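Please find below a short note on the structure, set out as numbered points for a colleague who has not yet worked with the model.

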Amino acid sequence: MKPSKTRDILEHLIKEGSITSWEAYKLYDLTRLSSVIFALRQKYIIDTYMMTKKNKYGDTINYAKYIYKGELNEWKTKRKRSCYK
């Protein structure tokens, strides 16, 4: 995976708050969003929400929406602080 693709996805998540595989494909020509998300989760908190909708043929489809929650170190620090209040 090119570092620039990972950086593009991270910047998108920070700016927009979320991304789907369809958005990643349309905007960044990226077909393996899940592998980028896996790499980013080493340093960032990214939740996965499973979404459902109907496609143009009326079939139900499922897809993941990745939601950016912040840096992992910031979350750990906040959690430790709240334990001592």
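1. In this predicted model, eleven bridges hold strand 2 (residues 44–54) against strand 3, and the two strands are antiparallel. Two facing positions illustrate the register: Ile46 lies opposite Tyr68 of strand 3, and Tyr49 has Lys65 of strand 3 as its bridge partner.

2. The hairpin that strand 2 and strand 3 form has five residues between the strands, and Gly58 adopts a positive phi near 90 degrees in this hairpin.

3. Strand 3 (residues 60–71) also pairs with strand 1 (residues 18–20); this pairing is antiparallel and has three bridges. Within it, Ser18 faces Ile67 of strand 3.

4. How many aromatic pairs does the model contain? The count is two. One is formed by Trp22 and Tyr25, whose rings are tilted, with 5.9 Å between centres and 35 degrees between planes. Both residues belong to helix 2 (residues 21–28), where they are three residues apart, about one turn of the helix.

5. Is Trp22 buried or exposed? Trp22 is classed as exposed because its relative accessible area is 54%, and exposed means over 50%. Tyr25, at 39%, is partly exposed.

6. Tyr44 and Tyr68 form an aromatic pair, also tilted, at 6.2 Å centre to centre and 45 degrees between the planes. This pair connects distant parts of the chain, since Tyr44 of strand 2 and Tyr68 of strand 3 are 24 residues apart. Tyr44 has a relative accessible area of 16% and is therefore buried, the limit being under 20%.

Notes
Residues numbered from 1 in each chain as written. Predicted model: local features only at pLDDT ≥ 70, side-chain atom pairs only at ≥ 80, totals over all residues. Heavy atoms only, no water. Pairing = 2+ DSSP bridges. Helix = DSSP H or I, 4+ residues; strand = E, 2+ residues; numbered from the N terminus. Phe/Tyr/Trp six-rings, centres within 6.5 Å; stacked < 30°, edge-to-face > 60°. Buried < 20%, exposed > 50% of the residue type's maximum accessible area, 1.4 Å probe, protein only.
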